[in-house]
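I opened this notebook to look up the pockets of one protein model and a patch on its surface. My entries below keep to what I could look up.

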Amino acid sequence: IAKGDEPDPVTAGGALVYTITASNLSAQPAFNVIVSDTLPAGIAFLGNLCVNLGNGTSITFTGNITSGLVFGDPRAPVVGSLASGTDTNCTNIAIITFDALIQPGAAPSSQYPNAAALQAYSSVPNGPDFLTNSRFDLASVTTANPAMRKALVGTEISNTNNVPSEATIGEVLTYTVVISVPEGVMPNFIVTDTLDDGLAFVDCL
């Protein structure tokens, strides 16, 4: 089983898509496949749940993503939920996608680890579960960081003998600092700028 998410990073209050891939690599078909995904606090299930084979064929299912999706058999009665690993048409692969929402008040750089689980499968219809313990794969989505850019706009004197990137003693330099703030909550946000030796703060424009 494998899990991924996009986009990453994501803004607070933004939507993302989770993708879970369950693959049968054995020589036998897999029946009664159960896959689950319990979302962490701060992420809500939005919907648009799709379960398909790797070739695009829809897989019927019962249950839900939290308690477990129990796959049906798209090619009953002989193939199983997932074909054997020798299949060349990608019918040994199930792809689950669904939409989720990051809470609007999430702080930048918040991480939301989330594990999908393969809970069960059998080699015959309604047969014994082959898994003693569930198998997991972890995906972690991060909320976007603020970005900051500083640039020298120019100097007080600009002529052929003193280009904008050069300064004489006593000359005033002008800098700009641009801060891009993502959606979300940023308590106690502080910006500092430590000037080089020989420079002194004059004023804000």
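The entries that follow go through the pockets and then the patch.

Entry 1. I note that this is a predicted model, in which local features need pLDDT of at least 70 and side-chain atom pairs count only at pLDDT 80 or more, while totals for chains, interfaces and linings use all residues. Residues are numbered from 1 along each chain as its sequence is written, and side-chain values use heavy atoms, with hydrogens and water left out.

Entry 2. I looked up the largest pocket (an open set of points on a 1 Å grid over the protein atoms alone, where a 1.4 Å probe fits, with protein on both sides within 12 Å along at least five of seven lines), and its space is about 730 Å³. It is lined by 23 residues (those with an atom within 4 Å of a point), and Leu 173, Tyr 175, Phe 201, Val 202 and Asp 203 are the closest to its centre. Strand E11 (a DSSP run of at least two residues), residues 173–180, gives the most to this lining, with 5 residues.

Entry 3. For the second largest pocket I found a volume of about 170 Å³, and its lining includes Ile 1, Ala 22, Leu 82 and Arg 135.

Entry 4. Which class does Val 177 fall in, buried or exposed, or in between? I placed Val 177 in strand E11, and because its relative accessibility is 40%, it counts as partly exposed (buried is under 20%, exposed over 50%, with a 1.4 Å probe and protein chains only).

Technical notes:
Grid points are joined across faces, edges and corners, and a volume is the space filled by probe spheres set on the points. Helices (H or I, at least four residues) and strands (E, at least two) are DSSP runs, numbered from the N terminus.
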